[in-house]
Amino acid sequence: MIRAMRILASNPLSLVGLLLVLLITFAAIFAPWLAPFPTHNGAVIDFAFANKGPSARNWMGTDLVGRDIFSRILYAYQISLMLGIVVLAIATPVGTAIGLIAGYVGGWTGSILMRIVDVFLSIPPLVLAIAMMGVLEPTLTNAMLAVTVMWWPWYARLVYSIARSEREEGYVLAAEVIGAGTMHIAFREILPNCLPAIITKMTLDMGFVIIIASSLSFLGLGVQPPTADLGSMVAEGARYLPDSWWLTVFPGLAILVAVFGFNLLGDGLRDILGVDE
Amino acid sequence: MTSLLDIQNLKLNFKTVQGQVEVLHGIDININAGEKVALVGESGSGKSVTARIILGLLQELRQARISGEVYFDGRDINTMKPKDCAKLRGTAMSMIFQDPTSSLNPVITIGQQFTEVLRRRNNKLAQAICDEQATRMLNDVAIPDAQRVLNAYPFQLSGGMNQRVMIAMALANRPKLLLADEPGTALDVSVQAQTLTLMRELVNDYQTAVLLISHNLGVVREFADRVYVIYQGRIVEDGPTSALFANPKHAYTQALMNAVPRIVGTGLAKVPEVSDAFLAPRITHSDVT
């Protein structure tokens, strides 16, 4: 732990990443208290202040119906983070389990599992998500579902490749020799050796999931108005560029900060955990 | 006395792209309870596959064709269900490998790994009892500060320590048969000698039979009661260690013995620390032809 802190401290960029991630998390959790206009997350109309640029009252300006953009960004972070966490919380275990079993057991089982994974990987992720959202109703739950479906195969492949190489290690043979079962070896012996890579990938993926989720709602397929979401805020404002620049620039920057933070932190974790890609 | 392990006419074929390759051409080995037996041979002579067959691991491999009988404790391992065979491993028989450090999982503490081994036999064993037994076993293999070792990860210990931990784990469930596949070959010679001595004392105490697989004749001579010499998948000679070493009959055994480098001479003379001779060369080279 102390060693980890030291490496993190010696790498200023990953420290910046950690701070950004903490800042965003803090902002999201305490949005109702931090936001100057907590009600502006929902359907509020205040035409007196509609479409105003940044000012002392509205730091990041107001949108077309007069809602405070800063407040909406704080709330939008809640959705982005929750989406990222839920997606990874489902995709990671599923992908890891499939990758582990395919990698350790190998043979026919492994081949079949990995071919299924390949089928998923061969479809462009955003296209698959758009197709799914087209069939399903565009709601937050379905957005999570769509992103999860396209996310788990990456974990399956990552863990598969690690499990393949770990399978040849002496401790696996030693475990087989003491009569440990297949599941025990896969999940109790090999899995702990995969964790550093998985954790690093999860951190890096938080940023990507946020981008994908924003892309979906930019296309009108994710979170529906009036709920604040970074992607849909960018989409709404895009029509009024460059005059009402604050409508797009601040939500866009918000996405950038989140993704940047998670990526920097992920890189730092990779150094700490000694994962090489 | 009925034998603990009785291998009769064991043949092993591997199916490859080029066709069948026979690796073992019908070998017979038997080990009595508590007996220390060595299997000696060069690389590729079939030593390690024999061990894997005894453990029932090779039987699961589809390319392997095995015939003959491998009776362990009166039951034929070749015809046993894989599940029943897995029950024997780690309880009735266990194994020690060449490289102790890589045989231990690098991200799990020794203590946890020990617990897993002990729970193989009784899976409801309380953590406290596991720790206590592990401590006792570690003390048995001459590791005094057992608590520190139990909390350590394998990479924090030396190779010799890991080897002793491996021995302790292998013997923790009091197996009837211990397979030692070139134990400690990855370690340096003096550490290897120490651990072998330790292992011999322990198996004597526990009445565990050992099949020592080795190419190191020095080790075999020190350790085993009886020796089998395996050459190209056939047992070419067997007999009590002293007899076999005194009078090797088969040409291969003789060649094997002649291949061992011999230390000749009386070693180095001790020189008083304060004397003119102290800085003089210890060995004067002469033309010995």
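## Chain B: composition and extent

Chain B contains 11 helices and 10 strands. The model is predicted, and the C-alpha trace of chain B extends over about 75 × 55 × 45 Å along its principal axes. Of the 289 residues in chain B, 40% are buried. When contacts between residues at least 6 apart in sequence are considered, 66% of those in chain B link residues at least 24 apart.

## Confidence

The mean pLDDT of chain B is 84, and 93% of the residues reach at least 70. Within chain B, helix H2(B) has the lowest confidence, with a mean of 83, while strand E3(B), residues 36-40, has the highest, at 91. For the complex, the predictor reports an ipTM of 0.70 and a pTM of 0.77.

## The six-stranded sheet of chain B

An open sheet in chain B is built from six strands in the order E6-E7-E8-E3-E9-E10, with mixed pairing. E6(B) and E10(B), the latter spanning 234-240, are at the edges; each has a single partner strand, so one side of each has no neighbour in the sheet. On average, neighbouring strands of this sheet are turned by 15° against each other, direction ignored.

At the E6 edge, E6(B) pairs with E7(B), residues 177-181, in the parallel sense over four bridges. One residue pair here is Met95(B) with its bridge partner Leu179(B) in E7(B).

## Strand E3 of chain B

E3(B) has a partner on each side in the strand order. Its pairing with E8(B), residues 209-214, is parallel and runs over five bridges. The pairing of E3(B) with E9(B), residues 226-231, is also parallel, and four bridges connect these two strands. Val40(B) takes part in both pairings: Ser214(B) stands opposite Val40(B) in E8(B), and Val229(B) is the bridge partner of Val40(B) in E9(B).

Five of the five residues of E3(B) are buried. Both faces of the strand are covered. Lys36(B), Ala38(B) and Val40(B) lie on one side, Val37(B) and Leu39(B) on the other, and all are buried.

## Contact between the chains

The contact between the chains involves 20 residues of chain B and 11 residues of chain A. On the chain B side, helix H2 (82-88), strand E6 (93-96) and helix H3 (100-103) each contribute at least two residues. E6(B) is thus named twice in this report, as an edge strand of the sheet and as a contributor to the side that touches chain A. By class, that side of chain B has 10 nonpolar, six polar and four charged residues.

## Helices H4 and H11 of chain A

In chain A, the axes of helix H4 (residues 69-105) and helix H11 (residues 246-273) come within 11 Å and cross at roughly 35°. The crossing of H4(A) and H11(A) is right-handed. H4(A) contributes Ile69(A), Ile73(A), Ala76(A) and Ser80(A) to the contact, and H11(A) contributes Trp246(A), Phe250(A), Pro251(A), Ala254(A) and Ala258(A). Eight of these contact residues are nonpolar, one is polar and none is charged.

## Arg270 of chain A

Arg270(A) is located in helix H11 of chain A. Arg270(A) counts as buried because 20 C-beta neighbours lie inside 10 Å. Leaving aside residues up to four places away in sequence, Arg270(A) touches Thr200(A) and Val275(A). Thr200(A) is 70 residues from Arg270(A) in sequence, yet their C-alpha atoms are 5.7 Å apart.

Definitions and conventions: Residues are numbered from 1 along each chain as its sequence is written. Chains are lettered from A and ligands numbered from 1 in the order in which they are written. This is a predicted model: local features need pLDDT of at least 70, side-chain atom pairs count only at pLDDT 80 or more; totals for chains, interfaces and linings use all residues. Axes are lines fitted to C-alpha atoms, for helices over the stretch in contact, and angles run from 0 to 180 degrees between N-to-C directions. A crossing is left-handed if the near helix is turned anticlockwise from the far one by less than a right angle, and right-handed if clockwise. Two residues are in contact if their C-beta atoms, placed from the backbone, lie within 7 Å. Ala, Val, Leu, Ile, Met, Phe, Trp, Tyr, Cys and Pro count as nonpolar, Asp, Glu, Lys and Arg as charged, and the others, Gly among them, as polar. A residue is buried if 20 or more other C-beta atoms lie within 10 Å of its own, exposed if 12 or fewer, and partly exposed in between; C-beta atoms are placed from the backbone. Two strands pair if DSSP finds at least two bridges between them. pLDDT is the predictor's confidence in each residue, from 0 to 100.
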